[in-house]
Each structure stands twice: as structure tokens, then as C-alpha cells.
Amino acid sequence: MSAVLVACSDAGPGDSKASVAKNTSVAGRLAGLAQKAADTGSLGVIVRVEPHSGRPLAIARQASWTKADHHLEATDQFRIASNTKTVTATLILQSVAEHRIQLDDSVEKWLPGLIPNGTNITVRMLLNHTSGLGDYLLTPEFLPTLTGKEKRTWTPEQLLAITPRQTPELPPGTKYSYSNANYAALELILEKATGKSLADLINEKITEPLEMNDTFLSTDAAFSPGKPHAVGYEPDAQRLSAILPDELNIPEGSGFVGPERPHGNVETAAIDVSWSGAAGGLVSTAADWQRYQTALMSGKILPKTQMKEMLTTVPAPEEGGSYGLGLMKVETPCGTVWGHTGGQPGYSSEIYTDTNGRRSAAVLTTTNFGIQEPKAASANKALVDAAICAMLDKPYPAESDAPSS
């Protein structure tokens with residue numbers, strides 16, 4: 001198994017024996033839960049916790065058979081998928097502060113004729129997923145691209161063209177309903193308002209100032225040359241059919257394209273996800289992303305007025321709390337945290353901070369659909385909860401130590 005990197009367990013100036021013992025105990029608990037999650041269906045897990053004081057704790061664990069593909073490390077690059085939405089929202093809010101965009105601007109103002117009912121949909125509604133737009137992700141037109149059967153470069157305009165209406169339809173501003181289409185539209189608005197590409201804006205406004213050297217916007221299936229990256233997996237077609245809800249009407253035999261792996265898995269690291277753009281196109285590392293999130297939540301990136309807007313939420317019970325502008329507020333056993341989740345073929349992530357951006361926790365998992373199976377979901381949730389409790393320096397509820405079987 002991968003080594004546990006427990007920098008905070010090594011005594012340093014000011015470290016008491018009690019604090020070292022406590023940190024070692026926390027590291028041991030997280031390592032055990034991470035290995036259990038990996039063996040139960042998460043396959044590979046990176047956990048990284050930055051406490052308010054002391055040194056970060058980082059762990060990598062994986063199922064034994066995955067080591068033939070790659071020896072997972074806590075520093076590996078990873079597709080952080082929809083966590084990208086927080087960066088997109090940050091860029092929009094920076095443009096609001098620069099008086100380029102207003103949150104109550106209509107979509108029709110920026111993208112005339114592109115989105116049905118665009119006159120009644122605002123930029124704010126796109127950001128907090130109350131626009132009433134459906135999602136293109138599992139549509140018949142897009143599913144072959146998602147699974148890797150079809151290699152196609154989609155533009156945001158093309159994705160919006162295949163976006164279905166919500167079922168049931170709701171007037172804009174009525175209710176939260178998560179949709180990647182919202183952020184495809186925001187990408188177009190952002191580039192039109194600034195005259196710059198999304199990639200250039202991310203480099204100029206986020207990654208370069210914060211020295212996020214392992215973070216970039218994906219334009220194909222590649223990771224950074226010469227830098228190790230996590231290898232992702234998904235269930236094969238037979239397992240996948242049992243995971244996806246029947247109401248989605250996914251065609252029989254639909255599955256991910258890639259080399260076959262043990263226990264009904266398929267390797268998905270080579271699937272091109274360049275279509276995800278502002279909705280989920282960033283590659284990063286746990287450390288890089290925690291640097292960004294803590295800078296954001298501690299007030300170092302956005303003015304106070306725009307930060308207040310970002311933290312203004314609408315109910316989103318399916319997310320475990322509520323949703324602001326590109327940011328989730330999640331209630332956990334140990335307290336309230338802010339962040340986002342992400343999922344792409346072979347990659348799932350949950351990355352959170354406390355309210356003041358003084359602490360952070362990241363759990364990166366090398367499967368997305370695979371952790372929707374009941375045993376895997378239970379083990380993964382136990383690990384995420386434990387990482388958040390460690391971040392908040394609170395005792396982990398004893399009854400959750402062992403995921404239900």
C-alpha cells in the first residue's frame with residue numbers, strides 16, 4: 001500500500017508529545033478508513049488535510065490490483081471535474097467587481113437567441129443552478145462522448161443546443177437543479193465580457209497568482225508531461241446498468257471505453273474530457289486546490305461584496321445543504337463546511353474548507369460511478385466525514401468508524 005505521509009506527526013518546534021500522539025492517531029484512523037474505502041469500491045483514494053495549525057497530513061491508499069497500473073501518491077495530478085465551477089464563479093464575480101457583468105443581467109443580453117427563455121434567466125440563476133435548464137450529460141446525443149465511444153470536440157454552443165428542458169419544467173429562479181449547461185453558458189458570457197479565453201483567465205487570475213503549478217484547463221485527454229497522475233476506473237457495462245436509475249433510459253450495453261481491468265472495471269484515464277470546460281475541465285492536485293479554496297474563503301481573491309454574494313445560498317438538499325454561486329454549503333457530522341464536489345469518468349472529488357478558509361480537507365477517489373454502489377458509497381462517505389472532522393479538529397463520531405456492510 002502507498003505510504004502514509006504524516007508530516008504533522010513528526011515533532012517540530014512547539015509540538016508537544018500530546019499533539020504528536022493525537023495527530024498520529026488521526027492519521028492512523030484516516031489511513032484505515034482510506035484503505036477500507038479503496039478495498040470496498042473506491043479503488044484509489046487520496047486524502048489530504050490541512051489543519052488550522054501544524055503541518056498537512058496526506059495519505060494515498062489503493063486496491064492492490066490497481067498497483068499494476070500506477071502506484072498512487074498524494075501528490076498525483078487528478079481531474080477535479082466540477083470543482084472547476086467554483087473557479088468559473090470566481091472569475092464571473094471578479095468581472096462583476098470590475099463592472100463588466102452584473103449578476104442580474106439576463107442571459108439574452110449576453111447570448112441573444114442561444115437559450116430558450118433567456119430573457120427570464122439571469123447570470124445569478126446560472127451560477128446557483130436555478131435557471132430551469134436541464135443537463136446534457138446523459139442525453140443520447142452526448143452519452144457516447146462521455147463514455148469514450150465517440151471522440152468529439154464539443155463547443156459550449158453545441159452543448160447548449162442539445163440541453164433538454166427540465167422535467168418537470170420550472171420557471172427560472174424557482175428551484176435548485178444542478179446542470180452543467182449553466183456553466184457552459186457562463187463560459188461564453190465570461191469570454192464575451194472579458195475578450196479573453198477561459199484558459200487565459202484561469203492562468204491570469206487564479207493559477208499564476210496562487211502559484212498553482214500543477215493546475216491547468218484540460219484540452220484533451222492528457223495530463224502534464226512528466227508529472228504522475230492518478231489512473232481512473234469505472235464499472236463495466238454490466239455493473240453500470242445496475243447503478244444508473246431506470247428512468248434515465250440509458251441504452252442497454254452502454255459502458256465506458258478502455259482497457260478491461262479486474263472485478264468488472266474499465267480504465268478510463270484516456271477518455272477525452274475537453275468538453276467539460278468551465279463546468280469541469282480543470283486538472284489539479286489536492287495541495288493546489290486546497291491552496292485555492294483557502295485563499296478564496298479567507299477573502300484573498302474576491303472583494304467582500306462579491307464574496308457575500310457567493311455565500312448567499314439556495315436550498316439544495318441533494319447536496320447535503322445549500323448552494324451559493326459556484327460553491328456548496330454542506331452540513332456534516334462535525335460542522336458546516338464550504339466547497340464543491342466533482343465527478344468525471346474515473347475521477348471523483350470532494351474538497352472543503354471551514355467558513356474562514358483556515359482549514360481544508362480533500363478526498364479524491366479514482367472512480368465516479370463506482371462509488372454509487374451501496375457498500376462503496378458507505379465507505380467513501382465515512383472517509384469524507386472523518387477527513388472533515390480531522391480538518392475541524394473534532395472527534396469523529398464513533399458509530400461511523402466502520403462503514404455498514
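How many bridges join β2 to β3? Select both strands and you will find six, with the two running antiparallel. Before going further, note that this is a predicted model, in which local features need pLDDT of at least 70, side-chain atom pairs count only at pLDDT 80 or more, and totals for chains, interfaces and linings use all residues. Residues are numbered from 1 along each chain as its sequence is written, and side-chain values use heavy atoms, with hydrogens and water left out.

**Stop 1: strand β2 and its partners**

Select residues 44-50, which make up β2. Helices (H or I, at least four residues) and strands (E, at least two) are DSSP runs, numbered from the N terminus, and two strands pair if DSSP finds at least two bridges between them. Six of the seven residues of β2 are buried, so the strand is largely enclosed by the rest of the structure. Here buried means under 20% relative accessible area, exposed over 50%, and partly exposed in between (1.4 Å probe, protein chains only).

Now show Arg48 and look across to Ala58 in β3, which stands opposite. The hairpin of β2 and β3 has six residues between the strands, and Gly54 takes a positive phi near 90° there. Next, add residues 360-365, strand β15: six bridges join β15 to β2, and this pair runs antiparallel. Ile46 is the residue to click on here, as it stands opposite Leu364 in β15.

**Stop 2: a three-stranded sheet**

Select β4, β9 and β5, in that order: these three strands form an open sheet with antiparallel pairing. The strands at the edges are β4 (78-79) and β5 (216-217); each has a single partner strand, so one side of each is left without a neighbour in the sheet. To see one pairing in detail, show β9 (residues 282-284), which is joined to β5 by two bridges. Label Phe216, then find its bridge partner in β9, Val283.

**Stop 3: helix α2**

Move to residues 84-97, the 14 residues of α2. From first C-alpha to last the helix reaches 20 Å, close to the 20 Å expected at 1.5 Å a residue; the expected span is 1.5 Å times one less than the number of residues. Because 13 of its 14 residues are buried, α2 is largely enclosed by the rest of the structure. Select His99, just after α2, to find a positive phi of about 65°.

**Stop 4: the largest pocket and α13**

Which residues should you select to land at the centre of the largest pocket? The closest to its centre are Tyr178, Glu319, Thr341, Asn368 and Gln372, out of the 46 residues that line it. The pocket has a volume of about 1700 Å³. On a 1 Å grid over the protein atoms alone, a pocket is an open set of points where a 1.4 Å probe fits, with protein on both sides within 12 Å along at least five of seven lines, and lining residues have an atom within 4 Å of a point. Grid points are joined across faces, edges and corners, and a volume is the space filled by probe spheres set on the points.

Colour the lining by class and you get 22 nonpolar, 16 polar and eight charged residues. In this scheme Ala, Val, Leu, Ile, Met, Phe, Trp, Tyr, Cys and Pro count as nonpolar, Asp, Glu, Lys and Arg as charged, and the others, Gly among them, as polar.

The elements that give two or more residues to the lining include β13 (335-344) and α13 (374-391), and the largest share, six residues, comes from α13. Select α13 by itself: its 18 residues reach 26 Å from first C-alpha to last, close to the 26 Å expected at 1.5 Å a residue. Since 13 of those 18 residues are buried, α13 is largely enclosed by the rest of the structure. Asp393 follows the helix, with a positive phi near 60°.

**Stop 5: salt bridges**

Finish with the side chains of Asp69 and Arg261, which meet in a salt bridge (2.8 Å, N to O). Asp69 lies in the loop between β3 (57-62) and β4, and Arg261 in strand β7 (residues 260-261), so the pair ties together parts that are 192 residues apart in sequence. Asp69 counts as partly exposed at 27% relative accessibility, and Arg261 likewise at 24%. The rule asks for a side-chain nitrogen of Lys or Arg within 4 Å of a carboxyl oxygen of Asp or Glu, and the count comes to 15 salt bridges.

Another of them joins Glu204 to Lys196, with the closest N and O atoms 2.7 Å apart. Last, add Glu267 to your selection: salt bridges that share partners join Asp69, Arg261 and Glu267 into one network.
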